[in-house]
Amino acid sequence: MGLNGEQQNKTGQAGFLTTRLEKFIEWGRKNSLWPLPHGTSCCGIEMMSTLAADYDLARFGAEAVRFSPRQADLLIVAGIINLKMAPVLKSVYEQMSDPKWVICMGACASSGGIFDVYSVLQGIDNIIPVDVYIPGCPPAPEGLIHGLMRLQDMVQAGDTHAHRRMRALGMRTWG
């Protein structure tokens with residue numbers, strides 16, 4: 001966004017703000033992510049601590065945690081995903097309205113972790129597209145904050161799976 005005439009000009013009138021509508025909408029989306037947490041195992045506990053007072057995810061505009069996929073635009077998957085749970089997770093993702101984003105938190109959600117068995121999904125990117133991966137077992141709350149800040153940068157730049165999918169369909173990424 002370009003700011004033109006922040007101070008009063010020579011005639012004493014206030015300045016004005018100019019920008020493109022698409023940039024303004026992406027700035028708004030970046031600063032108002034509504035996460036839907038899907039936490040299992042130890043990663044879920046670390047995700048909960050990120051919302052507590054010590055780390056305060058509200059500083060980044062993501063304090064409106066929603067437990068309905070129809071009201072959320074950010075899915076945070078933290079922990080082990082069993083094969084029986086995978087269709088439910090995919091259904092939750094599909095119920096979210098566009099544009100939607102996904103953060104994959106922890107080694108188990110990213111690659112199955114130490115559970116290389118038939119009953120554990122070996123990475124959620126097999127069923128849904130992932131925008132940001134957060135490594136660790138379990139990752140610290142600082143990792144989730146860093147991942148959220150990275151996603152915010154991607155949203156503002158228009159470089160997420162949702163943006164690419166909408167451009168491929170010939171749709172505008174705003175409005």
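Visitor: Which side chains meet glutamate 94 in a salt bridge?

Guide: Start with the general idea. Side chains of opposite charge can pair when their charged atoms come close. This is a predicted model, and here the side chains of glutamate 94 and lysine 90 meet in a salt bridge, at 3.6 Å from N to O. Both residues lie in helix H3. They are four residues apart, about one turn of the helix.

Visitor: Are glutamate 94 and lysine 90 buried or exposed?

Guide: Read the relative accessible area. Glutamate 94 has 51%, so it is exposed, because exposed means over 50%. Lysine 90 has 34% and is partly exposed.

Visitor: How many salt bridges does the count come to?

Guide: One.

Visitor: Then how should I read lysine 100, and where is it found?

Guide: Lysine 100 sits in the loop between helix H3 (86-95) and S5. For a buried charge, look for a partner of opposite charge. Lysine 100 is buried yet has no salt bridge. Aspartate 98 is the nearest side chain of opposite charge, 4.1 Å away. The salt-bridge rule asks for a nitrogen within 4 Å of a carboxyl oxygen, so that pair does not count.

Visitor: Which backbone oxygens lie by a polar atom of the lysine 100 side chain?

Guide: Check the backbone as well as the side chains. The backbone oxygen of tyrosine 93 lies 3.1 Å from a polar atom of the lysine 100 side chain. For methionine 96, the backbone oxygen is at 3.3 Å from a polar atom of that side chain. Beyond its neighbours within four places in sequence, lysine 100 is in contact with Asp73, Tyr93, Glu94, Asp131, Ala162 and Arg165.

Visitor: Tyrosine 93 has come up twice. Is tyrosine 93 buried or exposed?

Guide: Tyrosine 93 is buried, with a relative accessible area of 8%. Its place is in helix H3. Leaving aside neighbours within four places in sequence, its contacts are Leu75, Lys100, Val102, Ile128, Pro129 and Arg165. Its C-alpha is 9.7 Å from that of isoleucine 127, a residue 34 places away along the chain.

Visitor: Now a whole helix. Which residues of H2 are buried?

Guide: List the buried residues, then look down the axis. In H2 they are Cys43, Gly44, Met47 and Thr50. Seen that way, they fall within an arc of 110°, so they line one face of the helix. On the other side, Ile45 and Met48 are exposed. The buried residues pack against strand S3 (35-39), S4, S5 and H5.

Visitor: Which residues have the most contacts inside the largest nonpolar core?

Guide: Read a core by its members, then by the elements that supply them. This core has 21 residues, and Leu74, Ile103, Leu148 and Leu151 have the most contacts inside it. Two or more residues come from each of helix H2 (41-50), strand S4 (74-78), strand S5 (101-105), strand S6 (132-134) and helix H5 (141-157). H5 gives the most, with six residues. A second, separate core has 16 residues, including Ala72, Cys104, Ala109 and Leu121.

Visitor: What does isoleucine 103 touch?

Guide: Set aside residues up to four places away in sequence. Isoleucine 103 then touches Leu74, Leu75, Ile76, Val77, Val132, Ile134, Leu144, Gly147, Leu148 and Leu151.

Visitor: And the chain as a whole: what pattern does it follow?

Guide: Count the elements, then read their order. The protein chain has six helices and six strands. Along the sequence the pattern is β-β-α-β-α-β-α-β-α-β-α-α. Buried residues make up 39% of the 175 residues. Among contacts between residues at least 6 apart in sequence, 72% join residues at least 24 apart.

Key: Residues are numbered from 1 along each chain as its sequence is written. This is a predicted model: local features need pLDDT of at least 70, side-chain atom pairs count only at pLDDT 80 or more; totals for chains, interfaces and linings use all residues. Side-chain values use heavy atoms; hydrogens and water are left out. A nonpolar core is a set of buried Ala, Val, Leu, Ile, Met, Phe, Trp, Tyr and Cys residues joined through side-chain atoms within 4.5 Å. Buried means under 20% relative accessible area, exposed over 50%, partly exposed in between (1.4 Å probe, protein chains only). Contact means heavy atoms within 4.5 Å. Lys and Arg count as positive and Asp and Glu as negative; His and the chain ends are not counted. A polar contact is a pair of N or O atoms within 3.5 Å; within protein, one must be able to donate a hydrogen and the other to accept it, and residues adjacent in sequence count only if both atoms are side-chain atoms. The arc is that of the directions from the helix axis to the C-beta atoms.
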